[in-house]
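Welcome to a short set of exercises on pockets, rings and strands. Have the viewer ready, and try each task before you read its solution.

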Amino acid sequence: MQNQPFTFQLPKDANPPSVWDNHITRRLSSMKGQYLDQAAYEAMLAQDDTLLYEVYEIQRPHVVGEFLQGVSIVHPGKVGDEYFMTKGHYHEVLETGEVYYCLKGQGMMVMETPEGDWCVQEFRPGEVLYVLPRWAHRSVNTSRDEDLVFFFAYPGNAGHNYGTIERQGFRKLVIEQNGQPAIVDNPRWKQG
Ligand code: M6P
Ligand code: ZN
């Protein structure tokens with residue numbers, strides 16, 4: 001780990017940033033129960049445990065005052081009509097936000113709060129997306145054939161709470177309808 005201030009470059013295409021410590025890969029098998037079309041999910045998994053997304057993380061202490069930063073790449077594809085997406089999470093420390101900067105591709109950030117608010121914002125290259133404290137977040141790649149690539153930074157003490165989303169899902173899904181991305185209610189969303 002660096003003990004001096006440092007700089008690094010962000011990728012212009014789907015390459016990793018010039019500095020990173022952990023390479024996290026998430027495959028279809030880690031998304032059990034998350035996609036609406038369970039039959040399509042099982043059929044796809046039987047063929048191949050497809051790589052859905054990757055995270056290149058710069059290691060920093062998980063403490064107040066630090067920022068955890070990195071680059072994520074969500075690959076294009078669908079399970080049934082539902083686009084490839086990240087697991088999504090709340091922060092363990094709910095009152096912590098996250099900054100995203102879209103480098104490449106097209107997609108959407110699906111967000112919601114424990115109070116019942118929801119919001120979907122588009123990822124556009126060159127734009128910053130700010131996830132407020134208290135908002136669960138999931139990135140979705142809505143492109144047919146291009147990676148969605150973004151930089152992220154969040155407080156070192158935030159932590160990831162995956163359990164809530166694993167149990168209840170997100171209120172909204174992003175699916176392909178008539179060849180276009182559409183935001184629809186998640187019929188399986190349940191409180192708790
Ligand atoms: C973003 C950041 C990371 C996160 C990653 C993948 O890049 O929020 O902290 O790990 O997305 O999302 P998830 O952890 O929900 O799988
Ligand atoms: Zn987060």
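The exercises below go from open space to aromatic rings and then to one strand.

This is a predicted model, in which local features need pLDDT of at least 70 and side-chain atom pairs count only at pLDDT 80 or more, while totals for chains, interfaces and linings use all residues. Residues are numbered from 1 along each chain as its sequence is written, chains are lettered from A and ligands numbered from 1 in the order in which they are written, and side-chain values use heavy atoms, with hydrogens and water left out.

**Exercise 1. Describe the largest pocket and its lining.**

Step 1: Start with the term. On a 1 Å grid over the protein atoms alone, a pocket is an open set of points with protein on both sides within 12 Å along at least five of seven lines, a cavity is a set where a 1.4 Å probe fits but cannot get out, and lining residues have an atom within 4 Å of a point.

Step 2: Take the volume, the space filled by probe spheres set on points that are joined across faces, edges and corners. For the largest pocket it is about 320 Å³.

Step 3: Find the centre. Of the 20 lining residues, Val55, Ser72, His89, His160 and Tyr162 are the closest to it.

Step 4: Sort the lining by class: 8 residues are nonpolar, 7 polar and 5 charged. Here Ala, Val, Leu, Ile, Met, Phe, Trp, Tyr, Cys and Pro count as nonpolar, Asp, Glu, Lys and Arg as charged, and the others, Gly among them, as polar.

Step 5: Look at Tyr162 again. The charged end of Lys87 sits over its ring, 5.6 Å from the centre (NZ of Lys or CZ of Arg within 6 Å of the ring centre and within 35 degrees of the ring normal).

**Exercise 2. Which residues line the largest cavity?**

Step 1: The structure holds 1 cavity of 30 Å³ or more, and about 30 Å³ of space lies in the largest one.

Step 2: Its lining is made of Tyr90, His91, Leu94, Thr96, Gly97, Val131, Leu132, Arg134, Trp135, Ala136 and His137.

Step 3: Follow Thr96, in the loop between β6 and β7 (strands are DSSP runs of E, at least two residues, numbered from the N terminus). Thr96 is buried, with a relative accessible area of 9% (buried means under 20%, with a 1.4 Å probe and protein chains only).

Step 4: Measure across to Trp135. Its C-alpha atom is 8.8 Å from that of Thr96, although the two are 39 residues apart along the chain.

**Exercise 3. Place β12 among its partners and find its aromatic pair.**

Step 1: β12 (148-155) pairs with β3 (67-74) in the antiparallel sense over 8 bridges, and with β7 in the antiparallel sense over 5 bridges (two strands pair if DSSP finds at least two bridges between them).

Step 2: Pick one bridge on each side. Gln69 is partnered by Ala153, and Tyr101 by Phe151.

Step 3: Check the cover: 7 of the 8 residues of β12 are buried. Phe152 has a relative accessible area of 4%, and Tyr154 also has 4%.

Step 4: Phe152 and Tyr154 form a stacked pair, 5.9 Å centre to centre with 25° between the planes. Rings of Phe, Tyr and Trp (its six-membered ring) pair if their centres lie within 6.5 Å, and planes under 30 degrees apart count as stacked, over 60 as edge-to-face and the rest as tilted.

Step 5: Finish with Phe151, which forms one aromatic cluster with Phe6 and Phe8.

Technical notes
Helices (H or I, at least four residues) and strands (E, at least two) are DSSP runs, numbered from the N terminus. Buried means under 20% relative accessible area, exposed over 50%, partly exposed in between (1.4 Å probe, protein chains only).
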